[in-house]
Amino acid sequence: MQAREGQYFGLPAWDGGIVILLADFPAGVLRLLRYEDARGAVTPIVTLPRCAVEDCYNLMPHVSPMCLTRQTAERFQVLWPDKADFAIHGAESFCFRDGERLYFSRWYEDPDYREEVVVRRMPDGAITEQYRGALSELPDGQQWLLTED
């Protein structure tokens, strides 16, 4: 697959095949596509109007389950297939979703570096759990949650 003028590929995700975000600015659409290497096939997952997002900054596909998200320094949004939009801490990054639970990593440098796991509820973003620890996703898709006693 090759981008044409006015098209942009986002970072890929893995969900039984490579999932690719294609922002097609001339056509005014965002496409999630699945590439299956064994078949050499590209199949569409969903097409959204470009106006569905304020801008494409940090627009990313995620899996478990498949979703399209956008994050700025102060906000997190789930754009597809569900909708959510809520404020987050400026040093917080989305890691993964497990059902209605959204897992974020929050870091501090004051002056020592430390990390916390923040679990938020879908769709309102309310914090349901928070503890010292770290999240890690392995190349095979395993999600590890490491906590301090």
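Two strands count as paired if DSSP finds at least two bridges between them; strands themselves are DSSP runs of E, at least two residues long, numbered from the N terminus. The structure is a predicted model, in which local features need pLDDT of at least 70 and side-chain atom pairs count only at pLDDT 80 or more, while totals for chains, interfaces and linings use all residues. Residues are numbered from 1 along each chain as its sequence is written, and side-chain values use heavy atoms, with hydrogens and water left out.

**The five-stranded sheet**

Begin by selecting strands E10 to E14, which form an open sheet in the order E10-E11-E12-E13-E14 with antiparallel pairing. At its edges lie E10 and strand E14 (143-147), each of which pairs on one side only. From one strand to the next, the twist averages 45°, where axes are lines fitted to C-alpha atoms and angles run from 0 to 180 degrees between N-to-C directions.

**The hairpin and its neighbour**

Next, select residues 92-98 (E10) and 101-109 (E11): these antiparallel strands are joined by six bridges. They form a hairpin with two residues between them, and glycine 99 in the turn has a positive phi of about 65°. Display phenylalanine 94, which stands opposite phenylalanine 104 in E11. Then add residues 113-121, strand E12, which runs antiparallel to E11 and is joined to E11 by nine bridges. Here phenylalanine 104 stands opposite valine 118.

**Salt bridges**

A salt bridge is a side-chain nitrogen of Lys or Arg within 4 Å of a carboxyl oxygen of Asp or Glu. The structure holds 12 of them.

Remaining in the hairpin, select arginine 106 and glutamate 92, which form a salt bridge with their closest N and O atoms 2.7 Å apart. The pair links E11 to E10 across 14 residues of the chain. Both residues are buried, a term meaning under 20% relative accessible area, with exposed meaning over 50% and partly exposed in between (1.4 Å probe, protein chains only). Select also Asp82, Arg97 and Glu100, joined into one network by salt bridges that share partners.

Move to arginine 70 and aspartate 55, whose side chains meet in a salt bridge (2.7 Å, N to O). Arginine 70 is in strand E7 (residues 67-71), and aspartate 55 is in the loop between strand E5 (41-49) and strand E6 (59-62). Arginine 70 counts as buried at 5% relative accessibility, whereas aspartate 55 is partly exposed at 27%.

Finish at arginine 34 and aspartate 15, a salt bridge with closest N and O atoms 3.7 Å apart.

Definitions and conventions: Helix = DSSP H or I, 4+ residues; strand = E, 2+ residues; numbered from the N terminus.
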